[in-house]
Amino acid sequence: MKPVVSAVYQFPSGAYLENLAISDDETLVTRADTPKLYQIKLPTKQTSAYASLIHHFPNATGLMGIAEYAPSTFAVIAGNFSMTELITVSRSVWTVRFSEGNRRPTIQDIVDLQMASFSMALAGRVYCLNAKTGDYEVVLEHESMKASGAIGLNGIRTVTIGTQTFLYYDNSKTTTVDRVAIDPVSGHAKGEYTKMARGFYADDLTYDYETGNIWVAGNANNTIFRINPDGEEIVVADALSTPSVLAPSSLVFGKGKHSRTLFGTTYAGVAPNGTITGGNLLNIEVGEKSS
């Protein structure tokens with residue numbers, strides 16, 4: 001079954017959507033072109049989708065990753081960086097916590113990373129951050145994560161299969177997707193680094209617990225593709241056939257491990273018909289089983 005892709009909400013022209021997170025009641029997206037976090041209310045039979053500004057982060061030019069690390073509690077990375085040059089002056093990590101009955105979340109600074117050109121994408125490193133203390137350390141560093149003069153390590157996801165926890169990750173420079181078994185507490189490697197696939201520019205990725213497929217946002221190629229458990233790579237959507245699939249930047253499944261609805265974000269860009277667009281929140285129905 002071919003996935004059905006539709007645009008849920010489109011931001012104004014020039015809005016670069018970088019990452020997203022889905023929780024019970026929250027659909028949150030970050031923008032790379034401005035340090036703003038938005039919550040998107042999904043459409044219902046009575047209402048259309050709409051976006052609400054949650055927070056404008058200070059002393060930053062844009063936002064990058066977001067991840068839920070506790071129920072309705074998210075870590076957000078803000079930074080001062082260039083959209084055209086691979087230079088990061090500083091980064092900070094914040095907690096955004098939603099609580100029942102409160103319309104606005106509690107937002108706190110966890111840690112400021114005041115290091116010139118700090119970037120796991122360039123250094124090929126994965127850090128473990130203690131959200132309570134702000135302490136952090138390098139827990140993974142491997143040749144498959146590195147790149148020279150370009151974005152390397154990009155999307156990362158922790159995945160628990162049975163009793164094992166893995167880190168799945170992609171390298172945009174080498175167009176590879178790999179995984180490594182890790183300790184679920186410390187984050188340190190417990191096994192060999194294994195290549196899963198190669199051949200597509202990958203921005204972000206997510207794991208399908210129902211099928212074992214890896215779904216990948218192919219930013220530079222304007223594609224969304226999946227990698228089957230046997231390593232086969234299949235393009236499931238592209239901007240030529242579906243204009244809203246323009247520079248996909250992130251993918252995540254909806255609520256629950258076995259959700260069959262995949263959500264995605266896209267960058268702004270120039271569509272095949274020449275129209276300058278803003279970033280989209282995408283809805284991708286992947287079906288009962290993906291062959």
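UniProt lists residues 163–266 as "domain: SMP-30/Gluconolactonase/LRE-like region", in an unreviewed entry. In this predicted model, the stretch 163–266 is 0% helix and 55% strand. The C-alpha atoms at the two ends of that stretch are 34 Å apart.

**Overall fold**

The protein chain as a whole contains one helix and 24 strands. Its C-alpha trace spans about 45 × 45 × 40 Å along the principal axes. The radius of gyration is 18 Å, which agrees with the value near 19 Å for a compact globule of 291 residues. Of the 291 residues, 51% are buried.

**Salt bridges**

The model holds six salt bridges. Three of them are set out below, with the distance between the closest N and O atoms.

| Acidic residue | Basic residue | Closest N and O atoms |
|---|---|---|
| Glu141 | Arg125 | 3.2 Å |
| Glu141 | Lys146 | 3.0 Å |
| Asp204 | Arg157 | 3.1 Å |

Glu141 forms a salt bridge with Arg125. That pair links distant parts of the chain, since Glu141 belongs to strand 11 (residues 136–141) and Arg125 to strand 10 (residues 125–129), 16 residues apart. Glu141 also forms a salt bridge with Lys146. Arg125, Glu141 and Lys146 are thereby linked in a network of salt bridges.

How accessible are the members of this network? Glu141 has a relative accessibility of 41% and counts as partly exposed. Arg125 is partly exposed as well, at 30%, and Lys146 is partly exposed at 25%. Each of these values falls between the 20% limit for buried and the 50% limit for exposed residues.

Asp204 forms a salt bridge with Arg157. Asp204 lies in strand 16 (residues 204–207) and Arg157 in strand 12 (residues 153–161), so the pair ties together parts that are 47 residues apart in sequence. Both Asp204 and Arg157 are buried.

**The cavity**

One cavity of 30 Å³ or more is found in the whole structure. The volume of this largest cavity is about 30 Å³. Which residues line the largest cavity? Thr175, Thr176, Val177, Ala197, Arg198, Gly199, Phe200, Ala202, Phe225, Ile227 and Glu233 do. Strand 14 (176–182), strand 15 (189–198) and strand 18 (223–227) each supply at least two residues of that lining. By class, the lining of the largest cavity has six nonpolar, three polar and two charged residues.

**The second largest pocket**

The second largest pocket has a volume of about 250 Å³. Its lining is made up of 13 residues. Those nearest the centre of the pocket are Asp25, Glu26, Gln39, Phe98 and Asn102. Strand 4 (36–41) and strand 5 (50–56) each supply at least two residues of the lining.

What is the make-up of the lining of the second largest pocket by class? Two residues are nonpolar, five are polar and six are charged.

Note on methods:
Residues are numbered from 1 along each chain as its sequence is written. This is a predicted model: local features need pLDDT of at least 70, side-chain atom pairs count only at pLDDT 80 or more; totals for chains, interfaces and linings use all residues. Side-chain values use heavy atoms; hydrogens and water are left out. On a 1 Å grid over the protein atoms alone, a cavity is a set of points where a 1.4 Å probe fits but cannot get out, and a pocket is an open set with protein on both sides within 12 Å along at least five of seven lines; lining residues have an atom within 4 Å of a point. Grid points are joined across faces, edges and corners, and a volume is the space filled by probe spheres set on the points. Helices (H or I, at least four residues) and strands (E, at least two) are DSSP runs, numbered from the N terminus. Ala, Val, Leu, Ile, Met, Phe, Trp, Tyr, Cys and Pro count as nonpolar, Asp, Glu, Lys and Arg as charged, and the others, Gly among them, as polar. A salt bridge is a side-chain nitrogen of Lys or Arg within 4 Å of a carboxyl oxygen of Asp or Glu. Buried means under 20% relative accessible area, exposed over 50%, partly exposed in between (1.4 Å probe, protein chains only). UniProt positions are given in the numbering used here, feature names are shortened, and annotations may be inferred rather than shown by experiment. The radius of gyration is taken over C-alpha atoms; the globule rule is 2.2 Å times the number of residues to the power 0.38.
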